[in-house]
Amino acid sequence: MGRVNFLTSLILSISVGVILFSGRPASAQLRQNFYSNTCPDVENIVRRAVSTKVSQTFVTIPATIRLFFHDCFVSGCDASVIVASTAGNTAEKDHPDNLSLAGDGFDTVIKAKAAVDAVPSCKNKVSCADILALATRDVIVLAGGPTYPVELGRLDGLRSTSASVNGNLPKANFNLNQLNSMFASRGLTQADMIALSACHTLGFSHCTQITNRLYNFSPGTPVDPTLNRQYATQLQGMCPRNVDPRVAIDMDPTSPRIFDNAYFQNLVQGKGLFTSDQVLFTDSRSRNTVTTWASNSQAFNTAFIQAITKLGRVGVKTGGNGNIRFDCGRFN
């Protein structure tokens with residue numbers, strides 16, 4: 001996802017997070033083949049649109065995954081992150097922590113929505129939230145990751161505010177306790193968190209997210225000692241002091257365009273880009289999971305499918321709490 005700026009501090013209390021995000025009663029409405037009677041070919045329609053977009057630019061893949069994560073973690077999986085700001089409201093997408101979301105993720109959903117609505121029987125029948133969930137699965141598959149059935153039936157949210165983003169996205173310098181707390185408040189376990197973190201096997205991050213690890217880690221220790229020395233030197237070459245904040249580097253130094261378990265292999269070697277990545281190996285409570293998945297891709301894939309399915313249930317909107325947007329970028 002990239003957590004590559006999945007990233008912001010914990011401000012809302014966990015008790016509120018549990019109420020807002022565990023959402024089990026609402027998520028009970030989700031099911032496979034939700035649109036079998038209204039838009040039976042929706043998955044193929046979305047898949048074709050996503051494939052076309054990916055053929056135009058690889059950035060589509062990490063951008064879509066990250067968009068899904070940012071959407072679900074802030075106010076539930078309701079496509080509220082896609083809504084544009086207006087004169088009277090600054091929306092989620094314009095919060096500082098969301099400004100780095102690549103436009104190709106938004107464009108993927110918009111184009112898939114247009115393709116769905118071009119079918120008369122499907123027009124205005126499929127939510128933007130469900131289209132984003134399907135598109136996320138499709139880009140993961142196109143990057144070589146596992147396929148999985150997507151539960152459908154989400155409604156689109158009726159609110160989107162910049163303020164709602166505060167404290168609801170993990171930061172690059174989080175430790176294991178902070179990561180576990182934030183994920184747990186959304187009904188996700190430590191194993192789910194580790195599996196979802198592996199989305200950092202794709203995409204890129206801006207150098208500004210890691211300069212403290214390279215030059216100002218602590219007094220007397222400028223370079224983070226958990227960082228592989230050779231990798232640190234390589235990163236310093238790509239991200240010199242006072243680097244242009246627009247410069248970006250691959251999250252995964254070995255296979256940045258493939259969804260695989262190389263993320264965990266990198267952590268074992270001290271090549272996690274963020275502190276919040278490397279801590280998964282340096283902290284003894286999570287190390288065994290990392291080492292297991294580094295050598296067992298099937299075990300990782302199974303855990304990832306479970307984790308991303310659970311992520312898709314967070315904060316689902318039902319009944320009067322949502323609707324199906326005619327335009328993903330604005331409320332009806």
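This briefing describes the overall form, the nonpolar cores and selected residues of one protein model. The model is predicted. The protein contains 14 helices and four strands. Its radius of gyration is 19 Å, close to the 20 Å given by the globule rule for 332 residues, so the protein is as compact as a globular protein of that length.

**Overall dimensions, surface and charge**

- The C-alpha trace spans about 65 × 40 × 35 Å along the principal axes of the protein.
- Of the 332 residues in the protein, 54% are buried.
- Among contacts with a separation of 6 or more, 77% are between residues 24 or more positions apart.
- The exposed area of the protein is about 13400 Å², and carbon and sulfur atoms supply 53% of this area.
- Positive side chains number 30 and negative side chains 23, and the centres of the two sets lie 2 Å apart.

**Nonpolar cores**

- The largest nonpolar core comprises 74 residues. The residues with the most contacts inside this core are Val46, Val116, Phe264, Leu280, Phe304 and Leu311.
- Helix 6, formed by residues 128-142, gives the most to this core, contributing nine residues.
- Phe304 touches Ile140, Pro146, Ala195, Leu196, Cys199 and Phe259, when residues up to four places away in sequence are not counted.
- A second, separate core has 15 residues, including Ile210, Leu214, Tyr231 and Phe274.

**Buried residues in loops**

- His95 is found in the loop between helix 4 (60-75) and helix 5 (103-117). With a relative accessible area of 7%, under the 20% limit, His95 is buried.
- Beyond its neighbours within four places in sequence, His95 is in contact with Ser162, Val165 and Asn166.
- Ala198 occupies the loop between helix 8 (190-197) and strand 2 (204-206). Its relative accessibility is 0%, and Ala198 therefore counts as buried.
- Not counting residues up to four places away in sequence, Ala198 touches three aromatic side-chain residues by name: Tyr263, Phe264 and Phe300.
- Ala198 and Arg66 are 132 residues apart in sequence, and their C-alpha atoms are 12 Å apart in space.
- Ser127 lies in the loop between helix 5 and helix 6, and this residue is buried, with a relative accessible area of 0%.
- Tyr35, Arg154, Leu155, Asp156 and Ile324 are touched by Ser127, residues up to four places away in sequence not being counted.
- The C-alpha atoms of Ser127 and Gly237 are separated by 45 Å, the two residues being 110 residues apart along the chain.

**Buried residues in helices**

- Asn266 belongs to helix 11, which covers residues 262-268. At 4% relative accessibility, Asn266 counts as buried.
- Asn266 touches Asp252, Pro253, Thr254, Lys271 and Gly272, with residues up to four places away in sequence not counted.
- Ala232 is located in helix 10 and is buried, with a relative accessible area of 4%.
- Leaving aside neighbours within four places in sequence, Ala232 is in contact with Leu214, Val223 and Leu227. Of these contact partners, Leu214 is one of the residues in the second core.
- Ala232 and Lys125 are 107 residues apart along the chain, and their C-alpha atoms are separated by 50 Å.

**Residues with positive phi**

- Most residues other than glycine have a negative phi.
- Ala79 has a phi near 60°, a positive value in a residue other than glycine. Ala79 is placed in the loop between helix 4 and helix 5, and its relative accessible area of 0% makes it buried.
- Asn242 also is not a glycine, and its phi is positive at about 60°. Asn242 lies in the loop between helix 10 (229-238) and strand 3 (248-250).
- Asn242 is exposed, with a relative accessible area of 81%, whereas Ala79 is buried.

Methods:
Residues are numbered from 1 along each chain as its sequence is written. This is a predicted model: local features need pLDDT of at least 70, side-chain atom pairs count only at pLDDT 80 or more; totals for chains, interfaces and linings use all residues. Side-chain values use heavy atoms; hydrogens and water are left out. Helices (H or I, at least four residues) and strands (E, at least two) are DSSP runs, numbered from the N terminus. The radius of gyration is taken over C-alpha atoms; the globule rule is 2.2 Å times the number of residues to the power 0.38. Buried means under 20% relative accessible area, exposed over 50%, partly exposed in between (1.4 Å probe, protein chains only). Contact means heavy atoms within 4.5 Å. Accessible areas come from the Shrake-Rupley method with a 1.4 Å probe; for residues, only the protein chains shown count as cover. Lys and Arg count as positive and Asp and Glu as negative; His and the chain ends are not counted. The place of a charge is taken as NZ of Lys, CZ of Arg, CG of Asp or CD of Glu. A nonpolar core is a set of buried Ala, Val, Leu, Ile, Met, Phe, Trp, Tyr and Cys residues joined through side-chain atoms within 4.5 Å.
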